[in-house]
Amino acid sequence: MAKKDNFEEYAQLEEYASQEDISRIKSELVTCPDLNNSLSGTIIELSKNYAKSILITSPEMIVDDQGLIFDAFIFSAANYVAQAAINKEYSVLIGSKCFFYAPLKLGDVLELEAHALFDDSSKKREVKIIGHVSEIKIFEANLQIVTMDDHIFKLKRPISNTTKQEAQTNENGANANPEAMAAALMASMGK
C-alpha cells in the first residue's frame with residue numbers, strides 16, 4: 001500500500017466549504033444520515049434538485065502501491081450526491097449508467113455535481129452526475145432513484161412463485177405441483 005509520505009499533503013475540506021456551511025447543509029440533509037463521509041464524500045452545496053460534493057481521497061481507498069483509488073469509492077460518492085440532490089428520507093438506487101474517463105489517485109479531490117430531473121412528486125427520479133478533478137472531467141453518470149413513503153425493509157413483498165408453490169402443499173406435506181416434486185426428487189438423487 002502507498003504511504004502518506006509518498007504523496008503531497010492531503011487537501012482539507014475547509015478549502016472547499018466552511019465548517020458552518022457544512023454543518024448547516026448536514027442539518028438540511030434528510031437522506032443517508034449515517035453515511036461515512038470520509039469514504040463517500042461531503043455535501044458542500046445543497047438546493048432543490050441540486051447537490052455538490054467533495055470526495056477527498058485517502059489511504060483507505062487505495063488498491064496498489066501506485067496510489068490508485070478503487071473506483072467503487074467514486075461510484076459511492078456519485079450515489080450519495082445523487083441521493084442528496086433528491087434529499088428524501090426513503091430513497092433507493094435502482095439503476096445506473098456510468099462512465100469512468102480517468103482514474104483517481106491518492107491526493108486527488110473529486111468534485112461531483114448532481115442535477116435531479118423530473119418533478120418532485122415523481123417516485124422515480126433520474127439524476128445526472130458529473131465529476132471533475134481540477135478542470136478534468138473524470139466521471140459521468142445517470143442514476144435512477146426511487147423514493148418511497150417508508151423504509152425499504154418495512155415494505156411488504158409480493159408473494160413469489162416459490163411461496164405460492166409452498167402454499168399449494170397438501171396436508172401430507174407433498175407438493176401439489178408435480179413439476180416441482182420431480183425436480184426435488186431428481187436433485188435428491190444427484191441428477
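Asp108 is buried, with a relative accessible area of 11%, where buried means under 20% relative accessible area, exposed over 50%, and partly exposed in between (1.4 Å probe, protein chains only). The model is a predicted one, in which local features need pLDDT of at least 70 and side-chain atom pairs count only at pLDDT 80 or more, while totals for chains, interfaces and linings use all residues. Residues are numbered from 1 along each chain as its sequence is written, and side-chain values use heavy atoms, with hydrogens and water left out.

The side chain of Asp108 meets that of Lys105 in a salt bridge, at 3.1 Å from N to O. A salt bridge here is a side-chain nitrogen of Lys or Arg within 4 Å of a carboxyl oxygen of Asp or Glu. Lys105 is partly exposed, at a relative accessible area of 46%, whereas Asp108 is buried. The structure holds 6 salt bridges.

Another of these contacts joins Glu111 and Lys52, with 3.3 Å from N to O. Because Glu111 belongs to strand β4 (residues 109-117) and Lys52 to strand β2, this pair ties together parts that are 59 residues apart in sequence. Strands (E, at least two residues) and helices (H or I, at least four) are DSSP runs, numbered from the N terminus. Lys52 counts as buried at 16% relative accessibility, and Glu111 is partly exposed at 22%.

A local contact is found in helix α1, where Asp21 and Arg24 lie 3 residues apart, about one turn of the helix. Their salt bridge has its closest N and O atoms 3.9 Å apart. Both partners are partly exposed, Asp21 with a relative accessible area of 33% and Arg24 with 39%. Together with Glu28, Asp21 and Arg24 are linked in a network of salt bridges.

The aromatic side chains come next. A pair of aromatic rings is described by the distance of the centres and the angle of the planes. Rings of Phe, Tyr and Trp (its six-membered ring) pair if their centres lie within 6.5 Å; planes under 30 degrees apart count as stacked, over 60 as edge-to-face and the rest as tilted. By this rule there are 3 aromatic pairs. In one of them, the ring centres of Phe70 and Phe73 are 6.4 Å apart and the planes stand at 80°, so the pair is edge-to-face. Phe73 is buried, at a relative accessible area of 18%, while Phe70 is partly exposed at 41%. The pair of Phe99 and Tyr101 has its ring centres 6.3 Å apart and its planes at 5°, and is therefore stacked. Phe99 is partly exposed, with a relative accessible area of 39%, and Tyr101 counts as partly exposed at 44%.

Phe70 also takes part in a surface feature: with Val63 and Leu68 it makes a nonpolar surface patch of about 240 Å². Patches are made of residues with over 30% relative accessible area and no salt bridge, like charges being joined within 9 Å and nonpolar side chains (Val, Leu, Ile, Met, Phe, Trp, Tyr) within 5 Å. Accessible areas come from the Shrake-Rupley method with a 1.4 Å probe, and for residues only the protein chains shown count as cover. Leu68 is found in the loop between β2 (50-56) and α3 (71-86), and counts as partly exposed at 34% relative accessibility.

Helix α3 reappears at the largest pocket, to whose lining it gives the largest share, 4 residues. On a 1 Å grid over the protein atoms alone, a pocket is an open set of points where a 1.4 Å probe fits, with protein on both sides within 12 Å along at least five of seven lines; lining residues have an atom within 4 Å of a point. About 320 Å³ of space lies in the largest pocket, the volume being the space filled by probe spheres set on grid points that are joined across faces, edges and corners. Its lining comprises 18 residues, of which Thr31, Cys32, Gln83, Glu89 and Ser91 lie nearest the centre. The elements that give two or more residues to this lining are α3 and β3 (91-100).

Cys32 is also notable for its backbone, with a positive phi of about 50° although it is not a glycine. Cys32 is found in the loop between α1 (19-28) and α2 (37-40) and counts as partly exposed at 26% relative accessibility. Asn49, likewise not a glycine, has a positive phi of about 65°. Asn49 is found in the loop between β1 (42-47) and β2, and counts as buried at 19% relative accessibility.
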